[in-house]
Amino acid sequence: MRFLLFIWGLFWSIAAASRTLPVPAQPARPLTPQQLQHLVLFTRLAGSIRYFYPNQATSRADWQAFYVAAIPPLLHAPTPEAFVDTLRRTFAAVAPGVVIQRPGNTPARTPPAAELSYRWEHHSLNLDKQGLGLVPVLMRLAHLPFTSRLVVASSATAPLPATYTLPLSHAAAATIPLVLPAAQAYAPIAFGQRSRRFQVAQQAQRLAVLMQTWNVLQQFYPYREQLQQVDWPAALQVGLLAANAAQTDQALLVACQQMVARLGDRHVQIARRTRTGLYITPPDFALAFELLADGRTVVARAHGKWAATFPLGSTLEQVNGQPIKQVLDSLQRQTSAVNDAMARQLVVHQLLRYFWQPTATVQLTVRTGEALQSHPAAFRQLRLPPSRAGAFRFLADSLVYLDAARLQYADFVRQLPALQQARGLIVDLRQRPAYGMQAALAHWTKAAVHSDWFATPVLQAPDFTAATYDSVRSVTAARAPHLATRTVFLIGPDTFSYGETLVELIRHYHLGLLLGQSTGGTNGEMNFASIGHHFRLSWTGRLVRNRDGQPYQGEGIPPDIEVHPSLAAIRQQQDVALQQAITYLIDSKSKKN
């Protein structure tokens, strides 16, 4: 989870890493329904073979080059019969044990029981890490339990399928051996030349990127009900049409982003690779926006000289001359969130990050009363100086505010005597909490607390067939002195992953009141894969099993008291959730007395 926190703090690069590259593609012919169906079937078969055909060479092969070479002949296959013949030739060299034939015919050979045989065993996925820079190193340092290796196929373990059959049409099916004798499992395979530099102008390269993105999630995304809910096969068809039509690097990236955004998982992101695997995080800006209940986007923060130009509460009408509704509609489709309302809210909160470049300028048009004015804003001038505010703020009425994002556990320990004497505490979890917050939370309880179960999928067959899980949970001992002060925890859409783990503990052990808005609905450990030598995909590789039977993946944890921003509070520079928490603590203390 700490690895996740580190990476996520650096990963908000999609705005920075998603800038267009001036390499336009030639307009591609629209895919015919038959071509689309052929590409879908090839994608399914290629993914199953790539990750589960038991040969060591497949883990080192250049699959981008394989896809790119295979796609043109498949597009030109005039009939289903010709398509099946093309598939046979395509996979004959890289997976000679695969049999493509009429359903019901003799399947691929299963090795005799006495013959030493091997199969793939994936704990999530530890392939496709080439070109990710420091990411694999950080994953090893974090001791994430992701492995991929050939293991001896043992009859003593739980029964596992020896083959996997994928229907290709009413007249043909592909049978993939999942177990092969040692001589075949370690036999060299000729995959041809490695792919050259990624070129968006090549139709096959665009399609290959989207296919590989879909396949990683199809085979290794652990929340299977999410895939079913969004109709993941249909998402592939829509994505292929968009990738085929893409004429720029940016358009291809958006096609992939729109496809993965369907899952509503904040961990599932795709961006361009960098040499280090890390990204420049956009700074905090002097301007920020909020989405009101009536759908308006208003200025919620304007520091320094920007306060006169962009009055608080003024309505944002256009960005770079484009109506704000069109801007939000477009960005919302490529933003992962548990529902459309949260996706739109996240886009508004992060709006400037989508347009950020260090030397760029954004044109913002706002309405104040009846006046409509447009102003340029250079990002180098919008940069907000780093805040030196500490984690603690002592409020009136003996209340204390604690910003969990800035918390150092040593500071928390020093402040404990004051916190014990306080009338009430307000702990802000609306941004990513610092590492010390979990240790600090142990002071709110008198006994050890157990986290939810973290489960790593163990996969030896495609599509989670016969999948099992390695599950672990953390135990945090109570720490003295005990903190019995009445506490309100502020939560919101940006409370997810590690933050959501803390909120679940608070809810389960009744450590305080939850106030604000529903959490982000994403938890688990992130995994990463290189896509097409040009992009990096992240996803939740290790799921969280909720012990309460109250699912929050894809839903979020609702607050005990729901609070939304108001125009009046924004104009008065009030944090409505903080004000509501203060009112609650004062009223609760008064009633108790």
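**Exercise 1.** In what order do the six strands of the open sheet stand?

*Solution.* The model is predicted, so local features need pLDDT of at least 70, side-chain atom pairs count only at pLDDT 80 or more, and totals for chains, interfaces and linings use all residues. Residues are numbered from 1 along each chain as its sequence is written, and side-chain values use heavy atoms, without hydrogens and water.

Step 1. Strands (E, at least two residues) and helices (H or I, at least four) are DSSP runs, numbered from the N terminus; two strands pair if DSSP finds at least two bridges between them.

Step 2. The order is E14-E15-E16-E21-E22-E25, with mixed pairing.

Step 3. Strands E14 (392-394) and E25 (561-562) are at the edges with a single partner strand each, so one side of each lacks a neighbour in the sheet.

Step 4. E14 and E15 (residues 399-403) run antiparallel, joined by three bridges; Arg393 stands opposite Tyr401 in E15.

**Exercise 2.** Determine the span and the burial of helix H19 (residues 498-509).

*Solution.* Step 1. The expected span is 1.5 Å times one less than the number of residues.

Step 2. For the 12 residues of H19 this gives 16 Å, which agrees with the 17 Å between its end C-alpha atoms.

Step 3. Buried means under 20% relative accessible area, exposed over 50%, and partly exposed in between (1.4 Å probe, protein chains only).

Step 4. Because 10 of the 12 residues are buried, H19 is largely enclosed by the rest of the structure. The buried residues include Tyr498, Leu502 and Arg507.

Step 5. His510 follows H19 and has a positive phi, near 55 degrees.
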